[in-house]
Structure formats: C-alpha cells, structure tokens
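These are my notebook entries from a session with one structure. I looked up empty space, one helix pair and a few single residues.

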Amino acid sequence: MSDAKLADEGGRIAALQRLDVLDSEPEAAFDKITSLVKTILGVPICAVSLVDKDRQWFKSIQGLDARQTPRSAAFCDHTIRTREPLIVPDARADPRFADSPLVTGAPNIASYAGVPLQSSDGYNLGALCAIDTCARTFTDAQIDILRNFASLVCDELELRTIARTDHLTGAMTRRGFTERAEQELARHRRHCRPCSLVVLDVDHFKKINDSHGHPAGDDVLKAVVATCAAELRSTDCLGRMGGEEFAVLLPETGAEDAIACAERLRCAVEAIVMPSLPDAQVTISLGIAAAGETTPCLDDWLAWADAALYAAKRSGRNRHVLADQHRRKDAA
C-alpha cells in the first residue's frame with residue numbers, strides 16, 4: 001500500500017463520503033465497541049471519530065456530550081496522518097497539543113491513544129480513540145486491544161456500506177436510500193432548502209425477462225443504473241426500491257431543475273444500445289415530486305412521486321410527469 005494516500009486529502013474525503021455515514025443516527029454496533037474500550041482501558045472517554053473537511057464527527061462517543069468538534073482542535077486529525085497509533089502520554093507537555101482548547105478547557109484531555117480507521121482502499125478516515133483526563137502511559141497490551149477494536153470498527157463500516165448497496169446494480173438499497181432521503185427531508189424542513197425526488201421504472205421489463213431471460217433483464221437493470229449514475233451529480237443519490245423501480249434523490253433541486261434532470265435521464269436511457277439485445281428498446285418512465293411546505297413525511301413524498309410515475313406509464317411510457325401540486329395539498 002502506497003503511503004501517498006496519507007497525503008491525498010481529496011481521495012480521503014471521497015472515501016469518507018462513499019461510506020455515507022456522516023450525520024447518521026447512533027448505531028448499537030459502534031456504541032458497544034466504544035463502551036467496551038472505555039471499560040477495558042479504564043478511560044473516561046472513548047470515541048469513533050471520523051475526520052471530515054473541517055470537523056471531526058463522532059459516530060459513537062462515550063463520556064462526552066458532543067457530536068463534533070472543529071478539526072483544527074482534533075487529536076484525531078494527527079492520527080489519520082500516520083499508519084501507526086498515535087500515543088500522547090501527557091498532552092499538557094506535548095507542544096502539538098498543549099495550547100489546544102480541548103486540553104486547556106473541557107474536556108481537559110491529558111492523555112490520548114488513537115488508532116487510525118483505514119478504509120478498504122487504504123485511506124485513514126478517522127480514529128478509534130481512548131482519552132483520559134489524567135496523564136498516563138498506555139501499555140503495549142492496551143494498544144493491541146485498541147487496534148483490535150479499531151479493526152472491528154472498520155469491519156462495521158464496511159458492513160454498513162454493503163447493507164446499503166444493491167449487489168446487482170450498485171445502486172443504494174431501499175434501506176440506504178430511505179435513510180438518506182429522511183436526512184434530506186429533515187434538512188429541507190429545518191432550513192427550507194429545495195429538494196426533489198424522482199421515481200423511475202423500466203418500461204415493459206417483464207416482456208424483456210420473458211423474451212430474453214432473467215440474465216438479460218439483469219443486464220438491462222445494470223445498464224440503466226450505470227447510465228443514470230453518469231448523468232447525476234456526486235451529491236445525488238440513486239437507489240433501487242425493488243424490482244425494476246428506482247428512485248433518485250436530488251438535494252438543492254426545485255421542480256424545474258428536477259424536470260430537466262428527469263428528461264436527461266430519460267434521453268440517456270433511451271440511447272442505450274445493448275449488443276446482446278439488438279431488438280430491445282430500453283426506456284423508462286419517471287415521476288417527479290418536489291418537496292414543499294406540505295411534505296409531511298417520506299412515505300407521502302414517495303407516494304406522490306409514485307402517483308406521477310404511474311400517470312407517466314398510463315399516458316404512454318417513456319416520459320416524465322410532475323406530481324400534481326394541487327392534489328398534493330388537498331391530500332395533506
């Protein structure tokens with residue numbers, strides 16, 4: 001493994017974003033690990049810290065009531081710059097940390113041990129760290145324990161990603177997509193930021209399966225996802241909702257721009273050429289719903305987009321329909 005990745009901040013941030021874990025809800029698997037480390041090492045604070053562009057964010061933390069701190073003050077920002085654990089026996093005597101507000105003030109860090117959390121492609125995304133408010137020397141055995149638990153954290157992060165990725169198409173699973181959509185809808189409510197949802201369905205997919213077999217149908221689904229993904233921004237999300245139905249989450253996107261995106265997707269899929277299926281024309285129908293003041297929950301938002309999708313299918317397929325705003329208000 002090349003240590004050039006330690007200096008590749010852009011690649012590291014991209015690897016962190018691919019995990020889709022920042023600002024997610026607490027999860028028992030990670031909380032169990034930090035609780036065990038806190039008990040076994042006898043420290044008052046233990047955390048799974050992920051280092052973002054300008055903050056460290058805690059996926060799990062024991063002994064401290066915080067979800068994030070500025071990256072500039074983070075001990076873990078130093079940990080991700082090496083392949084080895086970072087051990088600080090006395091932060092008050094260490095010139096790197098003596099003036100840190102986390103040392104001179106709450107939580108009054110005096111000693112620290114952190115093991116980098118390394119992604120499967122070799123980027124240090126954060127650290128599993130044990131923190132004490134007294135100066136202390138961590139033994140080799142304690143560091144080994146911390147290493148082992150850090151490996152478990154990495155495994156959980158990978159499993160979390162697998163559980164949110166559809167094995168056939170590479171799109172997000174329904175579970176992963178709905179979690180992201182819930183986060184975006186909450187952001188929309190808090191900050192009144194625009195966001196839109198597009199639900200799409202492969203036209204006459206059963207006919208493709210019946211005529212050419214399920215392997216051919218699988219190839220069509222993979223081609224549709226790859227084609228749509230190439231048209232989307234890095235901030236957009238594409239999820240498989242079931243069978244041949246997919247959904248696209250468009251943050252910071254109002255109805256007009258969502259319509260333009262849907263039309264790009266429709267045209268791109270219509271242009272798919274599959275040498276193995278020379279007589280098959282692949283098209284999609286799409287339903288669009290922009291979040292508004294009357295968007296009470298994700299289920300309703302999806303239902304509005306679904307209704308628009310089926311309107312598109314009833315009116316001839318290979319087209320998009322925007323959810324009827326007036327009916328949505330009445331339904332709410």
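The entries below go by topic, beginning with the kind of model.

**Model**

I am working with a predicted model, not an experimental one.

**Helix pair H2 and H5**

I looked up how helix H2 (residues 28-41) packs on helix H5 (residues 140-163). The angle between them is about 175°, and their axes are 10 Å apart. Since angles over 145 degrees count as roughly antiparallel, I entered H2 as roughly antiparallel to H5. I then listed the contact residues. H2 contributes Ala29, Phe30, Ile33, Leu36, Val37, Ile40 and Leu41. From H5 come Gln142, Ile145, Leu146, Phe149, Leu152, Val153, Glu156, Leu157 and Arg160. By class, this contact has 13 nonpolar residues, 1 polar and 2 charged.

**Largest pocket**

Next I went through the open space. The largest pocket has a volume of about 1400 Å³. I found 38 residues lining this pocket, and the closest to its centre are Gln17, Asp20, Arg180, Ser234 and Cys237. Which elements each supply at least two residues of the lining of the largest pocket? I noted helix H1 (9-19), H5, helix H6 (174-191), helix H8 (214-231), strand S8 (237-242) and strand S9 (245-251). The pocket lining splits into 14 nonpolar, 9 polar and 15 charged residues. H5 thus appears in two of my entries, in the contact with H2 and in the lining of the largest pocket.

**Cavities**

I then turned to enclosed space and counted 2 cavities of 30 Å³ or more.

The largest cavity holds about 130 Å³ of space. Its lining has 15 residues, and Gln56, Phe58, Leu102, Ile109 and Ile131 lie nearest the centre. Strand S1 (45-51), strand S2 (55-62) and strand S6 (124-132) each supply at least two of the lining residues. S2 gives the most, with 3 residues. How does the lining of the largest cavity divide by class? I have 13 nonpolar and 2 polar residues, with no charged residues.

The second largest cavity holds about 40 Å³. I listed its lining as Leu19, Leu117, Gln118, Ser119, Leu125, Cys154, Leu157 and Glu158. Strand S5 (111-118) and H5 are the elements that give two or more residues to this lining. H5 has the largest share, with 3 residues. The classes here are 5 nonpolar, 2 polar and 1 charged. I marked Leu157 for a cross-reference, as this residue lines the second largest cavity and is also listed in the contact of H2 with H5.

**Ile162**

Staying with H5, I looked up Ile162, which sits in that helix. Is Ile162 buried or exposed? Its relative accessibility is 58%, and the cut-off for exposed is over 50%, so I entered Ile162 as exposed. I also took a C-alpha to C-alpha distance from Ile162 to Ala15, which is 14 Å across 147 residues of sequence.

**Ser100**

Ser100 lies in the loop between strand S4 (86-88) and helix H4 (101-104). Its relative accessible area is 10%, and buried means under 20%, so I put Ser100 down as buried. Leaving out residues up to four places away in sequence, I found that Ser100 touches Ala73 and Phe75.

**Backbone entries**

I checked the loop between H4 and S5, where Pro107 is placed. Ala106 and Pro107 are joined by a cis peptide bond, with omega about 10°. Asn108 is in the loop between H4 and S5 as well. What did I find for phi at Asn108? The value is positive, about 60°, although Asn108 is not a glycine. With a relative accessible area of 40%, Asn108 is partly exposed.

I made one more entry of this kind, for Arg317. Arg317 is placed in the loop between helix H10 (298-314) and strand S11 (320-322). Phi at Arg317 is positive, about 65°, and the residue is not a glycine. I entered Arg317 as partly exposed, at 28% relative accessible area.

Key:
Residues numbered from 1 in each chain as written. Predicted model: local features only at pLDDT ≥ 70, side-chain atom pairs only at ≥ 80, totals over all residues. Heavy atoms only, no water. Helix = DSSP H or I, 4+ residues; strand = E, 2+ residues; numbered from the N terminus. Buried < 20%, exposed > 50% of the residue type's maximum accessible area, 1.4 Å probe, protein only. Contact = heavy atoms within 4.5 Å. Axes fitted to C-alpha atoms, helices over the stretch in contact; angles between N-to-C directions. Parallel < 35°, antiparallel > 145°, perpendicular 65-115°, else oblique. Nonpolar A, V, L, I, M, F, W, Y, C, P; charged D, E, K, R; others polar. 1 Å grid on protein atoms, 1.4 Å probe; cavity = no way out; pocket = protein on both sides within 12 Å on 5 of 7 lines; lining within 4 Å. Points joined across faces, edges and corners; volume = space filled by probe spheres on them.
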